[in-house]
Amino acid sequence: MLFYNKNILIVGLGLMGASLGQALIKRRQSKDDFKVLGYARKQQTVDIALDNCIIDQGSSDLESMAKQADIIVLCVPMLSIESSLQAIKPFLKDQVILTDVGSVKDEVIRASKKVFGNMPNYFVPGHPIAGAEKSGVMAANSELYDCHQVILTPDIYTDKIALNTIESIWKFVGAHVVEMNVEHHDHVLAATSHLPHLLAFSLVNTLNHRSENREIFHYAAGGFRDFTRIAASETTMWHDIFKCNKDALLEVLNSFTADLDILKEAISSNDEQTIKSVLSEAKTAREYFTEVLQARSNK
Ligand SMILES: NC(=O)C1=CN([C@@H]2O[C@H](COP(=O)(O)OP(=O)(O)OC[C@H]3O[C@@H](n4cnc5c(N)ncnc54)[C@H](O)[C@@H]3O)[C@@H](O)[C@H]2O)C=CC1
Ligand SMILES: O=C(O)C(=O)Cc1ccc(O)cc1
(Lines give C-alpha, C1' and ligand atoms only; values in the text may rest on other atoms or scores of the structure.)
(Ligands and ions follow the chains in the order given, each with its own letter.)
Protein backbone atom coordinates (compact mmCIF):
# COMPACT_ATOMS: atom_id res chain seq x y z
CA MET A 1 0.00 0.00 0.00
CA LEU A 2 1.61 3.25 -1.19
CA PHE A 3 0.01 5.24 1.62
CA TYR A 4 0.94 2.82 4.40
CA ASN A 5 1.77 4.69 7.60
CA LYS A 6 0.82 8.03 6.05
CA ASN A 7 -1.36 10.81 7.44
CA ILE A 8 -4.12 11.63 4.96
CA LEU A 9 -5.69 15.05 5.60
CA ILE A 10 -9.15 15.78 4.25
CA VAL A 11 -9.84 19.52 3.94
CA GLY A 12 -13.62 20.08 3.91
CA LEU A 13 -15.79 17.46 5.60
CA GLY A 14 -18.91 17.63 3.39
CA LEU A 15 -20.41 14.85 1.31
CA MET A 16 -17.25 14.10 -0.69
CA GLY A 17 -14.65 14.55 2.05
CA ALA A 18 -16.62 12.79 4.77
CA SER A 19 -17.47 9.89 2.44
CA LEU A 20 -13.80 9.46 1.54
CA GLY A 21 -12.73 9.44 5.18
CA GLN A 22 -15.42 6.96 6.16
CA ALA A 23 -14.61 4.71 3.19
CA LEU A 24 -10.89 4.69 4.04
CA ILE A 25 -11.40 3.93 7.72
CA LYS A 26 -13.98 1.21 7.03
CA ARG A 27 -11.71 -0.65 4.58
CA ARG A 28 -8.40 -0.62 6.48
CA GLN A 29 -7.24 -3.73 8.35
CA SER A 30 -5.64 -1.91 11.25
CA LYS A 31 -5.38 1.58 12.71
CA ASP A 32 -1.63 1.38 12.03
CA ASP A 33 -2.15 1.20 8.23
CA PHE A 34 -2.71 4.95 7.89
CA LYS A 35 -4.37 7.80 9.72
CA VAL A 36 -7.22 10.00 8.45
CA LEU A 37 -7.07 13.63 9.63
CA GLY A 38 -9.85 16.12 9.02
CA TYR A 39 -10.11 19.88 8.86
CA ALA A 40 -13.42 21.75 8.90
CA ARG A 41 -14.06 25.39 9.65
CA LYS A 42 -16.55 24.52 12.40
CA GLN A 43 -15.52 22.40 15.41
CA GLN A 44 -19.06 20.96 15.45
CA THR A 45 -18.42 19.38 12.02
CA VAL A 46 -15.13 17.91 13.28
CA ASP A 47 -16.95 16.43 16.29
CA ILE A 48 -19.61 14.82 14.09
CA ALA A 49 -16.86 13.38 11.86
CA LEU A 50 -15.07 11.91 14.90
CA ASP A 51 -18.31 10.38 16.20
CA ASN A 52 -19.10 8.75 12.84
CA CYS A 53 -15.69 7.12 12.09
CA ILE A 54 -15.02 9.59 9.28
CA ILE A 55 -11.68 10.76 10.69
CA ASP A 56 -9.23 9.57 13.37
CA GLN A 57 -8.22 13.07 14.39
CA GLY A 58 -9.53 16.48 13.46
CA SER A 59 -9.45 20.16 14.14
CA SER A 60 -10.83 23.50 13.08
CA ASP A 61 -7.23 24.75 13.27
CA LEU A 62 -5.78 24.16 9.79
CA GLU A 63 -2.14 24.67 10.77
CA SER A 64 -2.14 21.83 13.32
CA MET A 65 -3.56 19.41 10.75
CA ALA A 66 -1.60 20.52 7.65
CA LYS A 67 1.75 20.27 9.47
CA GLN A 68 1.18 16.56 10.07
CA ALA A 69 -0.16 15.71 6.62
CA ASP A 70 1.65 13.50 4.08
CA ILE A 71 -1.27 13.54 1.66
CA ILE A 72 -3.89 16.31 1.43
CA VAL A 73 -7.26 15.90 -0.32
CA LEU A 74 -9.12 19.17 -0.95
CA CYS A 75 -12.88 18.56 -0.77
CA VAL A 76 -14.21 22.13 -0.86
CA PRO A 77 -16.42 23.98 -3.39
CA MET A 78 -14.62 25.04 -6.58
CA LEU A 79 -14.32 28.73 -5.65
CA SER A 80 -12.82 27.84 -2.25
CA ILE A 81 -9.93 25.87 -3.77
CA GLU A 82 -7.64 28.87 -4.29
CA SER A 83 -8.11 30.18 -0.73
CA SER A 84 -7.66 26.66 0.69
CA LEU A 85 -4.36 26.23 -1.19
CA GLN A 86 -3.26 29.65 0.04
CA ALA A 87 -4.14 28.70 3.61
CA ILE A 88 -2.26 25.35 3.63
CA LYS A 89 0.78 26.55 1.67
CA PRO A 90 2.86 27.78 4.67
CA PHE A 91 2.49 24.45 6.48
CA LEU A 92 3.20 21.90 3.73
CA LYS A 93 5.74 19.16 4.48
CA ASP A 94 8.63 18.69 2.01
CA GLN A 95 7.32 15.40 0.57
CA VAL A 96 3.61 16.24 0.67
CA ILE A 97 1.24 15.00 -2.04
CA LEU A 98 -1.83 17.10 -2.93
CA THR A 99 -5.04 16.17 -4.69
CA ASP A 100 -8.63 17.41 -4.91
CA VAL A 101 -12.13 16.25 -5.90
CA GLY A 102 -13.28 19.39 -7.73
CA SER A 103 -15.69 19.08 -10.65
CA VAL A 104 -13.84 21.50 -13.00
CA LYS A 105 -10.15 20.79 -13.50
CA ASP A 106 -9.07 23.93 -15.37
CA GLU A 107 -9.98 26.07 -12.33
CA VAL A 108 -7.91 23.83 -10.05
CA ILE A 109 -4.86 24.29 -12.29
CA ARG A 110 -5.48 28.05 -12.49
CA ALA A 111 -5.78 28.33 -8.70
CA SER A 112 -2.58 26.27 -8.17
CA LYS A 113 -0.58 28.37 -10.60
CA LYS A 114 -1.82 31.52 -8.86
CA VAL A 115 -0.88 30.24 -5.39
CA PHE A 116 2.35 28.33 -6.16
CA GLY A 117 3.54 30.16 -9.28
CA ASN A 118 3.21 26.88 -11.22
CA MET A 119 1.42 23.55 -11.04
CA PRO A 120 3.44 21.66 -8.39
CA ASN A 121 4.53 18.22 -9.63
CA TYR A 122 3.24 16.72 -6.37
CA PHE A 123 -0.34 17.95 -7.08
CA VAL A 124 -2.51 15.34 -8.83
CA PRO A 125 -5.89 16.85 -9.77
CA GLY A 126 -8.78 14.40 -9.42
CA HIS A 127 -12.51 14.12 -9.86
CA PRO A 128 -14.69 11.25 -8.60
CA ILE A 129 -17.68 10.74 -10.91
CA ALA A 130 -19.74 9.83 -7.89
CA GLY A 131 -21.91 11.95 -5.73
CA ALA A 132 -25.42 12.82 -4.77
CA GLU A 133 -27.84 15.69 -4.33
CA LYS A 134 -27.06 15.59 -0.61
CA SER A 135 -24.40 17.66 1.11
CA GLY A 136 -22.63 18.12 4.43
CA VAL A 137 -20.95 15.80 6.91
CA MET A 138 -24.19 13.98 7.79
CA ALA A 139 -24.49 12.79 4.18
CA ALA A 140 -21.29 10.69 4.50
CA ASN A 141 -21.56 7.38 2.65
CA SER A 142 -18.72 4.86 2.93
CA GLU A 143 -19.83 3.15 -0.34
CA LEU A 144 -20.07 6.36 -2.40
CA TYR A 145 -16.99 5.61 -4.52
CA ASP A 146 -17.42 1.85 -4.88
CA CYS A 147 -17.54 0.86 -8.59
CA HIS A 148 -17.49 4.51 -9.65
CA GLN A 149 -14.93 6.18 -11.87
CA VAL A 150 -12.36 8.67 -10.68
CA ILE A 151 -10.74 10.82 -13.35
CA LEU A 152 -7.19 12.04 -12.68
CA THR A 153 -5.74 14.82 -14.85
CA PRO A 154 -1.95 14.67 -14.38
CA ASP A 155 0.40 16.41 -16.84
CA ILE A 156 3.83 15.34 -18.11
CA TYR A 157 5.52 16.89 -15.05
CA THR A 158 3.37 15.12 -12.44
CA ASP A 159 5.50 13.05 -10.09
CA LYS A 160 4.91 9.34 -10.69
CA ILE A 161 4.95 8.41 -7.01
CA ALA A 162 2.36 11.11 -6.29
CA LEU A 163 0.20 9.87 -9.17
CA ASN A 164 0.44 6.21 -8.11
CA THR A 165 -0.29 7.10 -4.49
CA ILE A 166 -3.47 8.99 -5.34
CA GLU A 167 -4.53 6.22 -7.71
CA SER A 168 -4.02 3.64 -4.94
CA ILE A 169 -6.16 5.65 -2.48
CA TRP A 170 -9.10 5.69 -4.91
CA LYS A 171 -8.69 2.00 -5.75
CA PHE A 172 -8.63 1.24 -2.03
CA VAL A 173 -12.15 2.70 -1.68
CA GLY A 174 -13.40 0.67 -4.66
CA ALA A 175 -13.14 3.18 -7.51
CA HIS A 176 -11.92 2.66 -11.09
CA VAL A 177 -9.26 5.21 -12.00
CA VAL A 178 -8.78 6.71 -15.46
CA GLU A 179 -6.58 9.53 -16.74
CA MET A 180 -7.69 12.35 -19.01
CA ASN A 181 -6.41 15.72 -20.13
CA VAL A 182 -7.89 18.77 -18.44
CA GLU A 183 -9.63 20.32 -21.45
CA HIS A 184 -11.24 17.06 -22.50
CA HIS A 185 -12.37 16.43 -18.90
CA ASP A 186 -14.06 19.83 -18.62
CA HIS A 187 -15.83 19.43 -21.99
CA VAL A 188 -17.04 15.90 -21.25
CA LEU A 189 -18.31 16.83 -17.79
CA ALA A 190 -20.01 19.97 -19.12
CA ALA A 191 -22.09 17.66 -21.31
CA THR A 192 -22.69 14.70 -19.00
CA SER A 193 -23.02 16.41 -15.61
CA HIS A 194 -23.17 20.20 -15.71
CA LEU A 195 -25.80 20.50 -18.47
CA PRO A 196 -28.18 17.92 -16.88
CA HIS A 197 -27.94 19.72 -13.53
CA LEU A 198 -28.61 23.09 -15.20
CA LEU A 199 -31.65 21.65 -17.01
CA ALA A 200 -33.02 20.05 -13.84
CA PHE A 201 -32.72 23.32 -11.87
CA SER A 202 -34.34 25.22 -14.71
CA LEU A 203 -37.22 22.77 -15.26
CA VAL A 204 -38.17 22.73 -11.58
CA ASN A 205 -38.23 26.53 -11.60
CA THR A 206 -40.39 26.64 -14.71
CA LEU A 207 -42.96 24.37 -13.10
CA ASN A 208 -42.72 26.19 -9.79
CA HIS A 209 -43.39 29.56 -11.42
CA ARG A 210 -46.41 28.19 -13.30
CA SER A 211 -48.13 27.07 -10.12
CA GLU A 212 -48.44 29.63 -7.36
CA ASN A 213 -49.45 27.12 -4.73
CA ARG A 214 -47.18 24.36 -6.09
CA GLU A 215 -50.28 22.27 -6.70
CA ILE A 216 -48.69 20.99 -9.90
CA PHE A 217 -46.07 18.95 -7.96
CA HIS A 218 -48.79 16.78 -6.42
CA TYR A 219 -49.55 15.35 -9.86
CA ALA A 220 -45.96 14.77 -10.98
CA ALA A 221 -45.09 11.23 -12.03
CA GLY A 222 -41.90 9.15 -11.80
CA GLY A 223 -40.43 10.83 -14.88
CA PHE A 224 -40.45 14.21 -13.16
CA ARG A 225 -38.95 12.64 -10.02
CA ASP A 226 -36.15 10.91 -11.97
CA PHE A 227 -35.40 13.95 -14.13
CA THR A 228 -35.27 16.44 -11.26
CA ARG A 229 -33.66 14.60 -8.31
CA ILE A 230 -30.47 16.53 -8.90
CA ALA A 231 -32.24 19.91 -8.64
CA ALA A 232 -32.05 19.40 -4.86
CA SER A 233 -28.23 19.63 -5.06
CA GLU A 234 -26.18 22.13 -3.10
CA THR A 235 -26.47 25.71 -4.38
CA THR A 236 -22.95 27.04 -3.73
CA MET A 237 -21.37 23.98 -5.27
CA TRP A 238 -23.37 24.30 -8.50
CA HIS A 239 -23.01 28.06 -8.73
CA ASP A 240 -19.24 27.54 -8.56
CA ILE A 241 -19.24 24.77 -11.17
CA PHE A 242 -21.32 26.78 -13.65
CA LYS A 243 -19.04 29.78 -13.16
CA CYS A 244 -15.79 27.80 -13.44
CA ASN A 245 -16.84 25.82 -16.53
CA LYS A 246 -18.69 28.68 -18.20
CA ASP A 247 -17.29 28.33 -21.75
CA ALA A 248 -17.70 24.56 -22.10
CA LEU A 249 -21.14 24.73 -20.48
CA LEU A 250 -22.36 27.50 -22.82
CA GLU A 251 -21.06 25.55 -25.82
CA VAL A 252 -23.04 22.42 -24.96
CA LEU A 253 -26.05 24.50 -23.87
CA ASN A 254 -26.09 26.09 -27.36
CA SER A 255 -26.12 22.61 -28.96
CA PHE A 256 -28.91 21.59 -26.63
CA THR A 257 -31.09 24.61 -27.41
CA ALA A 258 -30.50 24.13 -31.16
CA ASP A 259 -31.68 20.49 -30.89
CA LEU A 260 -34.60 21.57 -28.73
CA ASP A 261 -35.63 24.11 -31.38
CA ILE A 262 -35.66 21.33 -34.00
CA LEU A 263 -37.98 19.23 -31.84
CA LYS A 264 -40.16 22.26 -31.04
CA GLU A 265 -40.50 23.10 -34.73
CA ALA A 266 -41.31 19.45 -35.55
CA ILE A 267 -44.09 19.42 -32.94
CA SER A 268 -45.41 22.77 -34.10
CA SER A 269 -45.57 21.65 -37.75
CA ASN A 270 -46.83 18.11 -37.01
CA ASP A 271 -43.67 16.69 -38.58
CA GLU A 272 -44.20 13.07 -37.53
CA GLN A 273 -41.02 11.79 -39.19
CA THR A 274 -38.69 14.21 -37.39
CA ILE A 275 -40.38 13.66 -34.03
CA LYS A 276 -40.10 9.87 -34.34
CA SER A 277 -36.51 9.96 -35.51
CA VAL A 278 -35.46 12.25 -32.60
CA LEU A 279 -37.18 9.94 -30.10
CA SER A 280 -35.86 6.68 -31.53
CA GLU A 281 -32.28 7.98 -31.81
CA ALA A 282 -32.42 9.07 -28.16
CA LYS A 283 -33.93 5.74 -27.10
CA THR A 284 -31.13 3.80 -28.80
CA ALA A 285 -28.47 6.02 -27.22
CA ARG A 286 -30.06 5.63 -23.77
CA GLU A 287 -30.14 1.83 -24.17
CA TYR A 288 -26.44 1.91 -24.98
CA PHE A 289 -25.86 3.94 -21.80
CA THR A 290 -27.75 1.26 -19.79
CA GLU A 291 -25.31 -1.34 -21.19
CA VAL A 292 -22.34 0.84 -20.20
CA LEU A 293 -23.71 1.09 -16.65
CA GLN A 294 -24.28 -2.67 -16.48
CA ALA A 295 -20.77 -3.46 -17.78
CA ARG A 296 -19.30 -1.09 -15.18
CA SER A 297 -21.15 -2.70 -12.25
CA ASN A 298 -20.03 -6.19 -13.43
CA LYS A 299 -16.34 -5.17 -13.39
N1 LIG B 1 -21.60 16.50 -4.46
C2 LIG B 1 -21.24 15.81 -5.51
O3 LIG B 1 -22.04 15.02 -6.02
C4 LIG B 1 -19.86 15.96 -6.06
C5 LIG B 1 -19.05 17.02 -5.71
N6 LIG B 1 -17.80 17.15 -6.25
C7 LIG B 1 -16.94 18.29 -5.86
O8 LIG B 1 -16.55 18.06 -4.53
C9 LIG B 1 -16.34 19.29 -3.85
C10 LIG B 1 -17.05 19.24 -2.52
O11 LIG B 1 -18.42 19.00 -2.73
P12 LIG B 1 -19.38 18.35 -1.63
O13 LIG B 1 -18.60 17.58 -0.65
O14 LIG B 1 -20.47 17.71 -2.37
O15 LIG B 1 -19.95 19.67 -0.96
P16 LIG B 1 -20.47 19.88 0.54
O17 LIG B 1 -21.19 21.17 0.53
O18 LIG B 1 -21.14 18.67 1.04
O19 LIG B 1 -19.09 20.02 1.33
C20 LIG B 1 -18.18 21.06 1.13
C21 LIG B 1 -17.59 21.41 2.48
O22 LIG B 1 -16.55 22.34 2.30
C23 LIG B 1 -16.67 23.31 3.34
N24 LIG B 1 -15.94 24.49 2.90
C25 LIG B 1 -16.33 25.45 2.07
N26 LIG B 1 -15.34 26.35 1.91
C27 LIG B 1 -14.33 25.93 2.69
C28 LIG B 1 -13.04 26.44 3.00
N29 LIG B 1 -12.59 27.56 2.45
N30 LIG B 1 -12.26 25.72 3.85
C31 LIG B 1 -12.70 24.59 4.41
N32 LIG B 1 -13.91 24.07 4.18
C33 LIG B 1 -14.70 24.75 3.32
C34 LIG B 1 -18.15 23.50 3.54
O35 LIG B 1 -18.43 24.06 4.80
C36 LIG B 1 -18.63 22.06 3.42
O37 LIG B 1 -18.59 21.40 4.66
C38 LIG B 1 -16.82 20.39 -4.80
O39 LIG B 1 -15.69 21.01 -5.38
C40 LIG B 1 -17.61 19.65 -5.85
O41 LIG B 1 -17.53 20.29 -7.11
C42 LIG B 1 -17.26 16.22 -7.09
C43 LIG B 1 -18.01 15.12 -7.44
C44 LIG B 1 -19.36 14.93 -6.98
O1 LIG C 1 -26.08 13.18 -8.06
C2 LIG C 1 -25.70 12.82 -9.17
O3 LIG C 1 -26.30 11.99 -9.85
C4 LIG C 1 -24.43 13.38 -9.73
O5 LIG C 1 -24.32 13.55 -10.92
C6 LIG C 1 -23.35 13.66 -8.77
C7 LIG C 1 -22.18 14.41 -9.30
C8 LIG C 1 -22.15 15.77 -9.13
C9 LIG C 1 -21.03 16.49 -9.52
C10 LIG C 1 -19.96 15.84 -10.08
O11 LIG C 1 -18.87 16.57 -10.41
C12 LIG C 1 -19.96 14.49 -10.23
C13 LIG C 1 -21.09 13.75 -9.83
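Me: Which residues surround ligand 2?
Reply: This is a predicted model, and in it ligand 2 is surrounded by S103, I129, G131, A132, E133, S193 and I230.

Me: And by class, what does the shell around ligand 2 have?
Reply: The shell around ligand 2 has 3 nonpolar, 3 polar and 1 charged residues.

Me: OK, ligand 1 then. Which residues come nearest to it?
Reply: There are 26 residues around ligand 1, and G12, G14, M16, G131 and S135 come nearest. G131 also turns up in the list around ligand 2.

Me: Which elements give two or more residues to that shell around ligand 1?
Reply: Those are α1 (15-27), α4 (81-88) and α9 (235-244).

Me: Which of them gives the most?
Reply: α1 does, with 3 residues in the shell around ligand 1.

Me: How do the residues of the shell around ligand 1 divide by class?
Reply: They come to 13 nonpolar, 11 polar and 2 charged.

Me: Where does ligand 1 lie relative to the two domains, and why?
Reply: Ligand 1 lies between domain 1 (7-180) and domain 2 (185-268), because both of them give residues to its shell.

Me: Let's stay with the domains. How far apart are the C-alpha centres?
Reply: The C-alpha centres of domain 1 and domain 2 are 29 Å apart.

Me: How many residues are in contact across the two?
Reply: On the domain 1 side there are 14 residues, in contact with 15 residues of domain 2. The largest share of that domain 1 side comes from α5, which gives 3 residues. By class, the side of domain 1 that touches domain 2 has 6 nonpolar, 4 polar and 4 charged residues.

Me: Since α5 came up, at what angle do α4 and α5 pack?
Reply: They pack at about 35°, and their axes are 9 Å apart. Helix α5 covers residues 105-116. The crossing of α4 and α5 is right-handed.

Me: Which residues make that contact between α4 and α5?
Reply: From α4 you have I81, E82, L85 and Q86, and from α5 it's E107, V108, A111, S112, K114 and V115. In class terms, the contact of α4 with α5 has 5 nonpolar, 2 polar and 3 charged residues.

Me: Now the other helix pair, α7 and α10. How do their axes cross?
Reply: Helix α7 (residues 182-210) and helix α10 (residues 246-268) cross at roughly 65°, with axes that come within 9 Å.

Me: Is that crossing left-handed or right-handed?
Reply: The crossing of α7 and α10 is right-handed.

Me: And what makes the contact between α7 and α10?
Reply: α7 brings D186, H187, A190, A191, H194, L195 and L198, while α10 brings A248, L249, V252, L253 and F256. The residues of this contact divide into 9 nonpolar, 2 polar and 1 charged.

Me: Zooming out, how many helices and strands does the protein have?
Reply: The protein has 11 helices and 9 strands.

Me: Why is it as compact as a globular protein of that length?
Reply: The radius of gyration of the protein is 21 Å, and the globule rule gives 19 Å for 299 residues. Those values are close, so the protein is as compact as a globular protein of that length.

Me: Last one: what does the C-alpha trace span along its principal axes?
Reply: About 65 × 45 × 40 Å.

Conventions
Residues are numbered from 1 along each chain as its sequence is written. Chains are lettered from A and ligands numbered from 1 in the order in which they are written. This is a predicted model: local features need pLDDT of at least 70, side-chain atom pairs count only at pLDDT 80 or more; totals for chains, interfaces and linings use all residues. A residue is near a molecule or strand if its C-beta atom, placed from the backbone, lies within 6 Å of it. Helices (H or I, at least four residues) and strands (E, at least two) are DSSP runs, numbered from the N terminus. Ala, Val, Leu, Ile, Met, Phe, Trp, Tyr, Cys and Pro count as nonpolar, Asp, Glu, Lys and Arg as charged, and the others, Gly among them, as polar. Domain bounds come from an automatic or database domain assignment. Axes are lines fitted to C-alpha atoms, for helices over the stretch in contact, and angles run from 0 to 180 degrees between N-to-C directions. A crossing is left-handed if the near helix is turned anticlockwise from the far one by less than a right angle, and right-handed if clockwise. Two residues are in contact if their C-beta atoms, placed from the backbone, lie within 7 Å. The radius of gyration is taken over C-alpha atoms; the globule rule is 2.2 Å times the number of residues to the power 0.38.
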